[in-house]
Amino acid sequence: MAKGGKDARVTVILECISCVRKSINKESTGISRYITQKNRHNTPNQLELKKFCPYCFKQTIHGEVKK
């Protein structure tokens, strides 16, 4: 059992940081998203993984999105 009231594992959303959506705001965030879990105690900082982006057609860095 985990100590304390909070669970160690949390669900995070990873988003491509190199894609730019074609819209009114040219500075919008990426549109390729992945859902994964991380351990809050082992990885306190934001998670960044290299994943495949179907919009860039290559592997890019996907960073954690704030909820």
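What follows is a short chat about the strands and two residues of a predicted model.

Biologist: Let's start with the sheet: in what order do the four strands sit?

Modeller: The four strands make up an open sheet, and their pairing is antiparallel. E2 (33–39) and E3 stand at the edges with a single partner strand each, so one side of each has no neighbour in the sheet. From one strand to the next, the twist averages 40°. Reading across, the order is E2-E1-E4-E3.

Biologist: How many bridges join E1 to E4?

Modeller: E1 covers residues 9–16 and E4 covers residues 58–64, and the two run antiparallel. One spot to look at is Glu15, which stands opposite Gly63 in E4. The number of bridges joining E1 to E4 is three.

Biologist: And on the E3 side, which residue of E4 is the bridge partner of Phe52?

Modeller: Strand E3 takes in residues 48–53. E3 pairs with E4 in the antiparallel sense, over six bridges. For Phe52, the bridge partner in E4 is Gln59.

Biologist: E3 and E4 form a hairpin, so which residue in the turn has a positive phi?

Modeller: The hairpin leaves four residues between E3 and E4. Within that turn, the phi to check is about 60°. That's a positive value in a residue other than glycine, and the residue is Phe57.

Biologist: Is Phe57 buried or exposed?

Modeller: Phe57 has its place in the loop between E3 and E4. Its relative accessibility comes out at 66%. The cut-off for that class is over 50%, so Phe57 counts as exposed.

Biologist: Over to Thr36: is it buried, partly exposed or exposed?

Modeller: Thr36 has its place in strand E2, which is one of the strands at the edges of the sheet. The relative accessible area of Thr36 is 26%. Buried would need under 20% and exposed over 50%, so Thr36 is partly exposed.

Biologist: Which residues is Thr36 in contact with, leaving aside its neighbours within four places in sequence?

Modeller: One of them is Val10, which is 26 residues away from Thr36 in sequence. In space, the C-alpha to C-alpha distance for that pair is 8.6 Å. With the neighbours within four places set aside, Thr36 is in contact with Val10, Thr11, Val12, Leu14 and Leu47.

How values were computed:
Residues are numbered from 1 along each chain as its sequence is written. This is a predicted model: local features need pLDDT of at least 70, side-chain atom pairs count only at pLDDT 80 or more; totals for chains, interfaces and linings use all residues. Side-chain values use heavy atoms; hydrogens and water are left out. Two strands pair if DSSP finds at least two bridges between them. Axes are lines fitted to C-alpha atoms, for helices over the stretch in contact, and angles run from 0 to 180 degrees between N-to-C directions. Buried means under 20% relative accessible area, exposed over 50%, partly exposed in between (1.4 Å probe, protein chains only). Contact means heavy atoms within 4.5 Å.
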